[in-house]
Amino acid sequence: MISPLPVKRLLAAALLVLAAAACAPAPEAAAPPASGASCEPGALPTLTPGSLTIGTDQPVYPPWYLDDDPASGRGFESAVAYAIAGKLGYSRDQVTWTRVPFNAAIQPGPKTYDLNLTEFSITDERRQAVDFSSPYYDVRQAVVAMADNPLAGATSIAALANARLGAQVGTTSLDAIQQQIRPASTPAVFNTNDDAKLALTNGQVDAIVVDLPTAFFLTSAELEGARIVGQLPPGTGTPEQFGAVLDKGSPLTGCVSTAVDSLRADGTLASIEQEWLASAGNAPELQ
């Protein structure tokens, strides 16, 4: 049998605990997550207040940048960079350029730029380390031939029907040959683009198909005497796309994406592409 005294003491203690709990202040609610940066023109939380720092590789090549001078505004990505800056409220003299090696630009860790434009394809793997803006360029496929090959003067897909064509195995370039060009002969398939380039210079094929950025690089920096015959019309499915790279979780990502979306909607991106890729880049569309 339990003594009544201990029971009374236990009841009293319990009442004191309940009373204390009733008088205690309610716990504070968790702070709401940050909603991201305001996109007020010229007032973004950039690395340097009042300035937008844009990164790119060194060297950079036409038609993305001309004369290895990203600050010139000449070349597709240079023009796009200044257009984005303008949408964000930064004048040309408020833009600062910095050079970052290609691979370093997409590594995890703090960045030395606010955004970076260096023909970075948007991939799920890269998204693990960095942010991407909305895409500013949909990659097209292009036909490359040596200038002394009669195929170099082709202006239509039909003109490629009897050509000996080649592409790297497992690529969208090979898909484009099979699904869009549909040549009479089976295309040559190569393990790498280097093998395809060698076959082209040796005359084993009349032309190779590569993505347009690669075609520009091949003809401007790697294959003397090669030229872009033309680019193929857009295929089906989601194309490879380029986006501006930002630090993972950057407060600027949403604002930059909004700027890119606006440039696409108002026709600015299409106009810049026509000026620097289709015309200046000498890559007419094959019909």
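This passage describes the predicted model of a protein, from its overall make-up to its cores, its sheet and its disulfide.

The protein contains 9 helices and 10 strands, and buried residues account for 43% of its 287 residues. When contacts between residues at least 6 apart in sequence are considered, 72% of them join residues that are at least 24 apart.

The largest nonpolar core comprises 55 residues, among which Ile84 and Leu117 touch the most other members. The element that gives the most to this core is helix 2 (residues 76-88), with 9 residues. A second core, separate from this one, holds 19 residues, including Ala145, Leu151, Ile177 and Leu232. The surroundings of Leu117 illustrate how the largest core is connected: with residues up to four places away in sequence not counted, Leu117 touches Ile54, Gly55, Thr56, Tyr65 and Tyr136, together with Ala244 and, from helix 2, Glu77, Val80, Ala81 and Ile84.

Helix 2 itself is largely enclosed by the rest of the structure, because 11 of its 13 residues are buried. These buried positions are Phe76, Glu77, Ser78, Ala79, Val80, Ala81, Tyr82, Ala83, Ile84, Ala85 and Leu88. The end C-alpha atoms of helix 2 are 19 Å apart, which agrees with the 18 Å that its 13 residues should span at 1.5 Å a residue. Helix 2 is followed by Gly89, for which phi is positive, near 95°.

Contacts to helix 2 are also made by Leu269, a residue of helix 9 (residues 268-279). Since its relative accessible area is 5%, Leu269 counts as buried. Leaving aside neighbours within four places in sequence, Leu269 is in contact with Phe76 and Val80, with Tyr136, and with Val260, Leu263 and Arg264. Leu269 and Tyr137 are 132 residues apart in sequence, yet their C-alpha atoms are 8.0 Å apart in space.

An open sheet is formed by 5 strands in the order 7-6-8-5-9, with mixed pairing. Strand 7 (188-190) and strand 9 (226-231) are the edge strands, each of which pairs on one side only, and the twist from one strand to the next averages 30°. Strand 5 (residues 141-146) pairs with strand 9 in the antiparallel sense over 5 bridges; within this pairing, Val144 stands opposite Ile228, and Ala142 stands opposite Gln231. Although strand 9 lies at an edge of the sheet, it is mostly covered, with 5 of its 6 residues buried.

Two helices are placed against these strands. Helix 5 (residues 172-181) packs on the sheet and touches strand 5, strand 6 (165-168), strand 7 and strand 8 (207-211), its direction making about 145° with that of strand 6. Helix 7 (residues 212-222) lies across strand 5, strand 8 and strand 9, and runs at about 120° to strand 8.

The structure holds 1 disulfide, which joins Cys39 to Cys255 with an S to S distance of 2.1 Å. The torsion about the S-S bond of this pair is about -95°, and the disulfide is therefore left-handed. Because Cys39 lies in the loop between helix 1 (4-23) and strand 1 (52-56), whereas Cys255 lies in helix 8 (residues 253-265), the pair ties together parts that are 216 residues apart in sequence. The two cysteines fall into separate accessibility classes: Cys39, at 40% relative accessibility, counts as partly exposed, while Cys255, at 3%, counts as buried.

Helix 8, which carries Cys255, has 13 residues and reaches 18 Å from its first C-alpha to its last, close to the 18 Å expected at 1.5 Å a residue. Its buried residues are Thr253, Cys255, Val256, Ser257, Ala259, Val260 and Leu263; of these, Val260 and Leu263 are among the contacts of Leu269 in helix 9. Just after helix 8, Gly267 adopts a positive phi of about 90°.

Definitions and conventions:
Residues are numbered from 1 along each chain as its sequence is written. This is a predicted model: local features need pLDDT of at least 70, side-chain atom pairs count only at pLDDT 80 or more; totals for chains, interfaces and linings use all residues. Side-chain values use heavy atoms; hydrogens and water are left out. A nonpolar core is a set of buried Ala, Val, Leu, Ile, Met, Phe, Trp, Tyr and Cys residues joined through side-chain atoms within 4.5 Å. Buried means under 20% relative accessible area, exposed over 50%, partly exposed in between (1.4 Å probe, protein chains only). Contact means heavy atoms within 4.5 Å. A disulfide is a pair of cysteine sulfur atoms within 2.5 Å. Two strands pair if DSSP finds at least two bridges between them. Axes are lines fitted to C-alpha atoms, for helices over the stretch in contact, and angles run from 0 to 180 degrees between N-to-C directions. The expected span of a helix is 1.5 Å times one less than its number of residues.
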